[in-house]
Amino acid sequence: MASSALHCRPHQRPGGSKIDIAVLASGSGTNLQVLLDDPSIRPHIALVVSDRPDAHALRRAADAGVPTETVLWSDHTDRDAFSAALAAVVERSGAKAVVLAGFMRILGSPFVLRFPSRIVNIHPSLLPSFPGSHAVEQALQHGVTITGVTVHFVDEQVDHGPIVAQVPVHVEEGDTVETLHSRIQVEEHRLLPKVVQAIIDGHLSVEGGRARWL
Ligand code: GRF
C-alpha cells in the first residue's frame, strides 16, 4: 500500500479548501468526542460509522448532530464484502478521508485501496511495538518502561503503515491495564485533534512511504 502512495500529496486541494472526514468507531468513542468538541473539526465530520449498533460513539455523534451509519459484520459474507459496503457508505457521505478511532474490525483492500493515504488510525502503543487489540496489556507483560500513542496511516496490515505522530507515556510502578490506558488516553485526546486538523487542512501526505507534514 505504501508504495502506491509514493510522491503523491493526496490531501492538498487547490485553493486551500478543507477536506471532510468520516470517523469509524466501535466503542465508547472518547476520541471521537474530542473531535466533536473541537469547533474547527466538528463541521468537517461528515459521518460517524460503527460496526456495532450499541456503540456509545454513535450516541455521541447523534448528540452532536452528526449523521451516523451502522455497517454490521454479520450482514456480509467476508471481510472484502464488509469493507466494500463500508467504503460505499463513507463515499456517499462525501468524506474524502477516514479516521479510525477505536474501530475494532480489520479493513480489507476494498476499503483501504479506495482511500489511498487518506486513512489514519490511533493505537495505544509506540508502534511497531505491540500491534493488535491487547497493546496496553502486552506493554505491561513485557515490562517496558515507556509506551505511548501512535497515529499512523493505514495500509492492509494490522496497525501498520507510515507513522504520522507518536507521544511517549511512562509506565509507572503498580500500573494496571486500566491506569496505564487512562494515561495513554489523555495523550490520545491531545494528539488526535492535531493530526485530524492537519488532514482537514490538507497538511499531511505520504511521500516515499513516509508520512510528511506539509
Ligand atoms: C483507544 O485507546 C485507541 O487507541 C484504540 O481504541 C481505543 C478507543 O478508545 N484504537 P475510545 O473509544 O476513543 O475511548
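Q: A strand is a DSSP run of E of at least two residues, and strands are numbered from the N terminus. In which strand does Thr150 lie?

A: Welcome! This is a predicted model, so let us read it with that in mind. Thr150 lies in strand β6, which spans residues 146–153.

Q: Is Thr150 buried or exposed?

A: The cut-off for buried is under 20% relative accessible area. Thr150 has 0% relative accessibility, so Thr150 counts as buried.

Q: Which backbone atoms does the side chain of Thr150 reach, and at what distances?

A: For a polar contact, look for N or O atoms within 3.5 Å of each other. A polar atom in the Thr150 side chain lies 2.6 Å from the backbone oxygen of Ser125. The Thr150 side chain also reaches the backbone nitrogen of Leu127, at 3.0 Å.

Q: What can I say about His152?

A: His152 lies in strand β6 as well. Its relative accessible area is 1%, so His152 is buried. Now try a reading across the sequence: His152 and Ile119 are 33 residues apart along the chain, and their C-alpha atoms are separated by 8.4 Å.

Q: Which peptide bond leading into a proline is cis?

A: Check omega. The bond from Leu127 to Pro128 is cis, with omega near 15°. You will find Pro128 in the loop between β5 and α5 (135–142). Recall Leu127 from before: its backbone nitrogen is reached by the side chain of Thr150.

Q: What is the phi of Phe130, and where does this residue lie?

A: Here the sign is the thing to read. Phe130 is not a glycine, yet its phi is positive, at about 60°. Phe130 sits in the loop between β5 and α5, and it counts as buried at 12% relative accessibility.

Q: How should I read Ser117?

A: In a similar way. Ser117 has a phi near 55°, a positive value in a residue other than glycine. Its place is the loop between α4 (109–112) and β5. With a relative accessible area of 7%, Ser117 is buried.

Q: Is Asp37 buried or exposed?

A: The cut-off for exposed is over 50%. Asp37 has 56% relative accessibility and therefore counts as exposed. Asp37 lies in the loop between α1 and β2 (45–50). In space, its C-alpha is 9.9 Å from that of Pro193, although the two are 156 residues apart in sequence.

Q: Let us turn to the ligand. Which residues are around it?

A: Among them are Ser28, Thr30, Asn31, His123, Pro124, His181 and Glu188. By class, the shell holds two nonpolar, eight polar and one charged residue.

Q: Which protein atoms lie close to oxygen atoms of the ligand, and how far away are they?

A: Take them one by one. A polar side-chain atom of Thr30 is 2.5 Å from a ligand oxygen. For Asn31, a side-chain N or O atom lies 2.8 Å from an oxygen of the ligand. Pro124 contributes through its backbone, with an N or O atom 3.5 Å from a ligand oxygen. As for cover, the ligand taken alone exposes 370 Å², and the protein buries 87% of that.

Q: Which pocket does the ligand take, and which elements give two or more residues to the shell around it?

A: The ligand takes the space of the largest pocket. The elements that give two or more residues to its shell are α1 (30–36), β5 (119–123) and α6 (177–200). With three residues, α6 gives the most.

How values were computed
Residues are numbered from 1 along each chain as its sequence is written. This is a predicted model: local features need pLDDT of at least 70, side-chain atom pairs count only at pLDDT 80 or more; totals for chains, interfaces and linings use all residues. Side-chain values use heavy atoms; hydrogens and water are left out. A residue is near a molecule or strand if one of its heavy atoms lies within 4 Å of it. A polar contact is a pair of N or O atoms within 3.5 Å; within protein, one must be able to donate a hydrogen and the other to accept it, and residues adjacent in sequence count only if both atoms are side-chain atoms. Accessible areas come from the Shrake-Rupley method with a 1.4 Å probe; for residues, only the protein chains shown count as cover. On a 1 Å grid over the protein atoms alone, a cavity is a set of points where a 1.4 Å probe fits but cannot get out, and a pocket is an open set with protein on both sides within 12 Å along at least five of seven lines; lining residues have an atom within 4 Å of a point. A molecule sits in a cavity or pocket if more than half of its atoms lie within 2 Å of its grid points. Helices (H or I, at least four residues) and strands (E, at least two) are DSSP runs, numbered from the N terminus. Ala, Val, Leu, Ile, Met, Phe, Trp, Tyr, Cys and Pro count as nonpolar, Asp, Glu, Lys and Arg as charged, and the others, Gly among them, as polar. Buried means under 20% relative accessible area, exposed over 50%, partly exposed in between (1.4 Å probe, protein chains only).
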